[in-house]
Amino acid sequence: MEQLLDKIAYCVEYGKINLASPYPPDMRGQEGADEYTKRALEQGVSPSDVLTKGLIVGMGKIGVKFRENKVFVPQVLMSARAMSTAMNHLKPYFNSGAVKRKGKFIIGTVKGDLHDIGKNLVSMMVEGSGFEVIDLGVDVPAEKFIEAIQAHPGAYVGMSALLTTTMASMEEINKAIKQASPQTTTFVGGAPVNDEFRKQIGADYYSPDPQGLTEILTKLTA
Ligand code: B1M
């Protein structure tokens with residue numbers, strides 16, 4: 001059983017989706033996260049263990065390598081694809097309530113900003129660390145964030161901005177969220193954002209990278 005979980009983690013870390021996938025080249029012809037996850041469940045490994053001791057371990061490892069610039073966006077995207085393919089086998093267990101997620105995370109790129117590559121990476125890593133993600137997309141105004149908070153009480157909220165001009169939207173949205181729902185915990189990030197700006201606008205947490213964000217979220221829900 002342990003061996004299967006290690007294999008799942010390894011496949012996610014190296015982005016090996018399934019048997020047919022040619023990536024990574026040195027794993028060509030080998031099974032991937034898809035087959036190992038299916039087999040683990042068939043052999044009676046609990047879906048919760050598949051998630052926490054397999055998939056999340058693999059995503060955590062690639063997240064650390066990405067933070068340390070040992071891998072780059074394409075590798076992380078392959079890991080995320082391996083993870084989401086494996087997650088298809090777990091979905092029925094999430095839907096039935098047999099597997100609990102750590103919490104909910106609402107994310108969006110703020111109003112006026114169309115950059116979504118970084119936001120999508122954050123979204124995948126947060127999902128990969130065991131949270132349900134509600135992705136509102138790009139160019140998201142305060143009202144849409146607030147609607148989502150009302151639909152998902154207790155959810156954490158993340159905002160991404162890539163333009164110095166849309167940092168102003170981030171401030172406006174954070175203010176509106178805190179007014180409508182003072183207990184909501186907000187996270188900010190994106191290339192022009194830093195911790196000083198986070199303090200200035202009254203958001204709760206800043207992380208320069210997805211891995212740091214998942215570490216904070218995991219601590220908050222431990
Ligand atoms: Co734009 N763009 N862009 N662009 N673009 C930048 C950001 C820019 C720095 C380029 C430059 O001039 N050197 C510049 C911003 C300057 C500034 O304001 N300081 C810029 C500009 C000016 C513009 C336009 C205004 C250009 C124009 O039309 N004149 C325009 C704006 C459109 C709009 O948004 N309204 C524009 C448009 C575009 C494209 C549509 C062409 C495209 C976006 C495609 C897309 O996202 N689907 C694009 C791109 C690709 C870039 C660059 C080249 C790359 C951005 C990117 O995806 N990086 C960028 C220059 C650069 O960075 N080299 C640039 C990779 C990504 C993984 O990193 O998004 O930083 P990043 O995310 C990181 C972290 O920041 C962090 O985690 C991620 C992974 O480490 N992170 C978070 C992100 N969000 C987080 C949230 C968190 C925590 C961490 O918590 C919630």
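Me: What makes up the largest share of the shell around the ligand?

Reply: Helix H5 does, with four residues. This is a predicted model, in which local features need pLDDT of at least 70 and side-chain atom pairs pLDDT 80 or more, while totals for chains, interfaces and linings use all residues. Residues are numbered from 1 along each chain as its sequence is written, and side-chain values use heavy atoms, without hydrogens and water.

Me: Why is H5 (117-128) called a helix?

Reply: A helix is a DSSP run of H or I with at least four residues, and a strand is a run of E with at least two, both numbered from the N terminus. H5 spans 117-128, so it fits the helix rule. Strand S3 (156-160), strand S4 (186-189) and helix H9 (210-220) also each supply at least two residues of the shell.

Me: How many residues surround the ligand, and which are closest?

Reply: There are 26, and the closest are Leu114, His115, Asp116, Ser160 and Thr164. A residue is near the ligand if one of its heavy atoms lies within 4 Å of it.

Me: Why is the pair between the ligand and Gly112 called a polar contact?

Reply: A polar contact is a pair of N or O atoms within 3.5 Å. A nitrogen atom of the ligand is 3.0 Å from a polar backbone atom of Gly112, so the pair qualifies. Ligand oxygen atoms also lie 2.7 Å from a polar backbone atom of Leu114 and 3.3 Å from a backbone N or O atom of Ala191.

Me: Why does His115 count as a donor of the cobalt atom?

Reply: Donors are N, O and S atoms within 2.8 Å of the metal (3.2 Å for Na, K and Ca). NE2 of His115 is at 2.2 Å, so it counts. His115 is the only protein donor, but water is not among the atoms, so the site may look incomplete. His115 sits in the loop between strand S1 (104-109) and H5.

Me: Why is Leu217 called buried?

Reply: Buried means under 20% relative accessible area, exposed over 50% and partly exposed in between (1.4 Å probe, protein chains only). Leu217 has 0%, so it is buried. Leu217 lies in helix H9.

Me: Which residues are in contact with Leu217, leaving aside its neighbours within four places in sequence?

Reply: They are Phe105, Val126, Phe131, Tyr156 and Phe187. Contact means heavy atoms within 4.5 Å.

Conventions
Polar contact = N/O pair within 3.5 Å; in protein donor to acceptor, adjacent residues only side chain to side chain.
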